[in-house]
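Biologist: I'd like a close look at one part of this protein, the charged pairs. Could you walk me through them at bench level, and then add whatever else catches your eye?

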Amino acid sequence: MSTTLPLFWHLSSASKKERLDASAKLLAALEHFQSSFVPKPTSPETSEDDEDDEDKATGKADGLDALNAQDVSYSIRRLIRGLASPRESSRLGFAVALTELLARLDTVTCSQIVQLVLDSSKTQARRPLCSPFGLTSVIQSGLLLRDATLPSSSTSASDLASFENVIAQLIALGEKKSWLRESAWWSISLAVDALTASGVSWKDDAVEATLSAVYAEPKVWTPEKLALTLKLQAACPTRAWKKLLAPTFKSPEILSTGNLAAVARVLKEADADEDVEKDLPKSGSWKPQVHFVWDALLDHVLPRGGDRARPGKSTFPEFFRIVVDESLFASTSSPERKYWGFQVFQKALPRVSAGDMPMLFTKNFMRSWINHLSNSERFLHKAARQVAADVLNVVKGNPTLGFSLILQLTGLHGSRNFDKLTKTKTVETILTSMDEDGIKAYIDYLLKQVNEEQTAPGSASADVDADADDIQALNTRRAWIVDQLSALVRNAAVPKADGWMQTILDWLIVHGLFIVAKIPNKSAIAAVTAHGSHTAFSDDLRRACRERLLACLAELTSQATVIKDDEGKASKVPAVAADGRLWVSRALQTIWTLEKDTKHVRPLDEADEDEAALRQKAREVIARVQDVHDDRREAARGVELLLAATLLHAYCADEDDADPDALESCIDGASRMFPDAPATSKKPKKGRTPAQDGAEDDGEPAPVDVLTDAVIGFLEKGTAYLRAAANQAFALLSGSATASTIDLVLAQLERRDPAELMADEEDEDVEMEGAGEDDEDAEDAEEDEDSSDSNGEDEEEEEDEDEEADLELRKKIEEALRVNGIAAATGDSDEEESEEELMDDEQMLALDVQLAAAFKARAAEKRDGKDVDAQREATHFKARVLDLVDLFARKHAASPLAVRLVLPLVALVSSTGPDERQLADKAAGILRTRLAKAKDVPALATPEDAAEAAKALDALHALARKAPSADALATLAACSLFLSKALLHAGDAGRAQASRLNTAFFDELVKRLPAAAWGLRADLVQAVGGALNAYRQAQCFHVLQTLVNQIQAVTEAVPFMATLSAALLDALNGACADAESAVQPAHAKDALKLALVAARQTKRVAADAEAVAGAWPPAKWAALGSALAASERFKGVTSLPAMCKQVVQIVQAQQEAKKSKGKNAKEGAVKETEGTGPRRERRKRRSARWTRWRRTRAGRRRSAKKCVKRSPGSVLEIRSV
């Protein structure tokens, strides 16, 4: 047993893997012992007497030792005793091992093991826990129904008495310990399943015994008894079930419709005959786990694998409605029972089909689910969220169920605003998981809901009998439908298809811009024929349709679609559908088609002659630019997008937002940019870009400038639709941009005083009012009256808005009057005037001061509010303009026009205040990421471009000298590097007195562009002598050292080193001679470090020693070392002369190397004749001496250690050793 005892400890481990490994090893060892065991031969007459005597002697009367090895018998007893152990997972580990052992042994009987379990339950302190585990192991191992006999014996392994004993013990255990009843009856159900599948000879008797034990008390019903009844009815359908189930259940089929109410009461542990709870066997404390009976119930009402339900059984909708919805989710149910209901729903959800899916989302369940899901403080909030997660997982596994689920969540028992009420994204996530067919079905469902109206009984028409509430409900439903259709298009996660997106756009256009006068049988626009409107849309709904139309087009304009060209090459193109047409153009095509169908639809607002002519001209220009297919196709696409977006906005905009000037400007710019048809278009004149080709010579702006100005106008309005159209149009037009175009965009970033902006707006308002007065003088009297009425209404609205703002002012005035003894007017003016006392001059002056302060404070509040609003609007507008700059910098970083972006962006970074910090960060990001890290270098093709870049670089260096922070200096350095790549030119800052430049500004240039920095060598050397102070001189030394480290073997290197050496000698000798020099020892040390690095580099690149000595004359550097040692300022720093000596040694080492090289050449013949024998011998002798010395030293160390161990306190002995 020495090999099995350690394994019992690991059976209690908390790790499942460790328990299973220990069980496997234990079983393998026991099988080995049992296979090698040989029972003792005994005669039949004496076997029983001897066995009894042996059992009495050993104290073991179970008879296991007769046919089992000693280890096996011990293991069986040990495993049974371990079932009651409370340590960690002992019960699980020991039960598994016992079950597997009993399944493999054929030398034990069921009665033996059951008796051992019962005896162990009596002796153990926790005996109630031993019985269910032990009896369950007997059942699951198959020993309970084993029909075989023991080896060399006629005794059967199991019999009817053992089966009845097991069933009786489990039933008694459930009655005594209510908290074990569910586990005990679950074991009984396992025994019934095993009995049904077995073929023992006493099967029928066992069934009768089970029925007698289970239905001994016919009026007492528990969930466990209900679960066992389901199994017994399936196993024995011919029994007299009506007699067994009476009087609690009326029908012999326990799940028939008539029995469902009683089943529901049983499942919530109430009396099955009444609707109140009585003294029934309770299961102890409430358990969060749902009862195992629900699995059996769902297996019967939702059979798997195509099993057909038995006749007389209720359907699943009836079962779920009565047993679950009206019982567990009733309004009077406790949170505990609702928690069970949520678990039952989770179990049923993956089982139901698409047809039965609506039956799960019943009224009470949806109410409880929404209530607990919407408030995080409710008890079952986490359970409700888990239900929502399971619903989403089901849709992900089967997208075809998505449409059915959405119908339930937004249908009769749910809410159209399900996501808003529950504060989740359940419906939105389901939509993203659906396929294209599901999305189409959902759209059809939404469109069918448009005209569903509640009509009174017997009424002929909804328009006649619908009251105000019905109209309001209809409008609310239609508004929700409009939002849902818009959300489908705007949600990027929803799988897109041109078909259903075009359907939504057409529907929004029809109901937002047109009135359906007659529903045709056939129309090119499906939105006119299908789901025709019976009740007219309200003005608010039509406005909502127009707004959602523009929002959808804004989203589609921002999205990119993969388009394949004629060669099969795929590319992402923004703002287009799968056929390559712009979404805005497709929407306009729908509008033009509806305008032709005057018989069935008519426009909501009729356009006047001028507006109609302008729209027709825009349509012609759009058709013209659509036919451009040469190298100007991208610009033509941008013009088409801008013009179509402007025209569509003119259709959808309200009267207050309409801007015909913008459309006219776009038409003018597009007409001049593409004046002729593509077949007769001419090439642009020499020296002119395509964008300038349409410009006149009389000073008119270029066409691309006109279009860019329209783009900027879109950004001023700030709507998502106009902003998306402006960005995409400018991205397409940026290839045709000119210098004036970039200047026009950058001019919007100039900082202006908000007060000036407000003053300009007021001047414009005054001019417009003056023009309006002139126009009104020319109108007739009736129009004057109408306009006066409308003005009066506007004034009344403004007065209403100002009342709230002036309330504080009135309070201040009343307080001032009250302080001076004047009460507020109450309406009795005569009495007040008679009782009022006159005020003297001092009181009048005090009152004037208080009233003036109140009015002044009010005026300041209005002024401050206007300034803040204007500043905020200006900041947002500049942020949108920076988006255009970012687009241009990303697409055209190699353009010469990119140079023009640098200074304005730098000015924006350096001049913005704390309120505009986001603008500065955005501009700095464009400079650092788009320009400085661009792979392409701007191509400065003309001298004017180069001169402009050089001028910008000079301006950058001027700004860098006064940079306020390190971040600003880093941004300027990145810009300088960008311009230097194009110019291969850098500036000098050594002579600037007020400059804040540091060496980091030039280090990047020297390291990343060493070839360009090499051209600055003469200027840098000259700066050493011309620097204003020692600090600037030290900075020059640092930059020169970086440059020297990057030097290559070029012909100009040695002459440069000579010049550098002379400059260093002059600077250091001058510092030694001049007693008032500001050069400190640290500065001199930096200069000598530079000399050492330069001397070594000269030695590396020079052709011979004479060149090194000529560049770094040893005599002069030796004299410098002496001068430094004798100087009063430097004589305390001994490292300075030493560094001079190192320079001399570098030069002299080079000369000696040359001499030794010549000497070695002369002695080459002698070495060849003498050979290398003597030299090798000398090396061997030297190595031997070194080896002996090391061994001697090691021996001395070992002796010292021994001495320390022998007498650790004797310091003298240690030292002597």
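Which side chain meets E31 in a salt bridge, and what is the N to O distance?

Modeller: That would be R104: its side chain and that of E31 meet in a salt bridge, at 3.1 Å from N to O. Keep in mind that this is a predicted model. E31 sits in helix α2 (residues 16-35) and R104 in helix α5 (residues 90-104), so this contact ties together parts that are 73 residues apart in sequence. As for how open the two ends are, E31 is partly exposed at 41% relative accessibility, and R104 is partly exposed too, at 44%. The pair also has company, since a network of salt bridges links E31, E100 and R104. As a general point, side chains of opposite charge can pair when their charged atoms come close.

Now put a second pair beside that one. E224 and R181 form a salt bridge whose closest N and O atoms are 3.1 Å apart. This one also links distant parts of the chain, with E224 in helix α11 (residues 223-235) and R181 in helix α9 (residues 181-197), 43 residues apart. The surroundings are another matter: E224 has a relative accessible area of 2%, so it counts as buried, and R181 is buried as well, at 5%.

A third pair stays inside one helix. E436 and K440 are both in helix α23 (residues 436-448), four residues apart, or about one turn of the helix. Their salt bridge has its closest N and O atoms 3.4 Å apart. Both ends are partly exposed, E436 at 37% relative accessibility and K440 at 35%. If you want the overall tally, the structure has 25 salt bridges.

Some charges gather on the surface instead. D605, E606, E655, D656 and D657 make up a patch of negative charge there. One of them, D656, belongs to the loop between α31 (633-652) and α32 (660-673). D656 counts as exposed because its relative accessibility is 74%, and the cut-off for that word is over 50%.

On the cysteine side, there are zero disulfides in the structure. Among the cysteines, C552 is buried with a relative accessible area of 0%, and C1036 is buried at 6%.

The backbone has a few spots to look at too. In general, most residues other than glycine have a negative phi, and most peptide bonds are trans. Against that background, A246 and P247 are joined by a cis peptide bond, with omega about 0°. P247 is in the loop between α12 (241-245) and α13 (260-267). Then there is K423, which is not a glycine but has a positive phi, near 60°. K423 lies in the loop between α21 (418-422) and α22 (426-433), and at 67% relative accessibility it counts as exposed. A575 has a positive phi as well, about 70°, although it is no glycine either. You'll find A575 in the loop between β3 (570-574) and α29 (583-596), where it counts as buried at 2% relative accessibility.

Last stop: A1087, in helix α49 (residues 1081-1101). A1087 is buried, at 1% relative accessibility. Its C-alpha atom is 9.5 Å from that of L1065, and the two residues are 22 apart along the chain.

Technical notes:
Residues numbered from 1 in each chain as written. Predicted model: local features only at pLDDT ≥ 70, side-chain atom pairs only at ≥ 80, totals over all residues. Heavy atoms only, no water. Patch = residues over 30% accessible without salt bridge, like charges linked within 9 Å, V, L, I, M, F, W, Y side chains within 5 Å. Areas by Shrake-Rupley, 256 points an atom, 1.4 Å probe, with all protein chains shown as cover. Salt bridge = Lys/Arg side-chain N within 4 Å of Asp/Glu carboxyl O. Lys, Arg positive; Asp, Glu negative; His and termini not counted. Charge placed at Lys NZ, Arg CZ, Asp CG, Glu CD. Helix = DSSP H or I, 4+ residues; strand = E, 2+ residues; numbered from the N terminus. Buried < 20%, exposed > 50% of the residue type's maximum accessible area, 1.4 Å probe, protein only. Disulfide = S-S within 2.5 Å.
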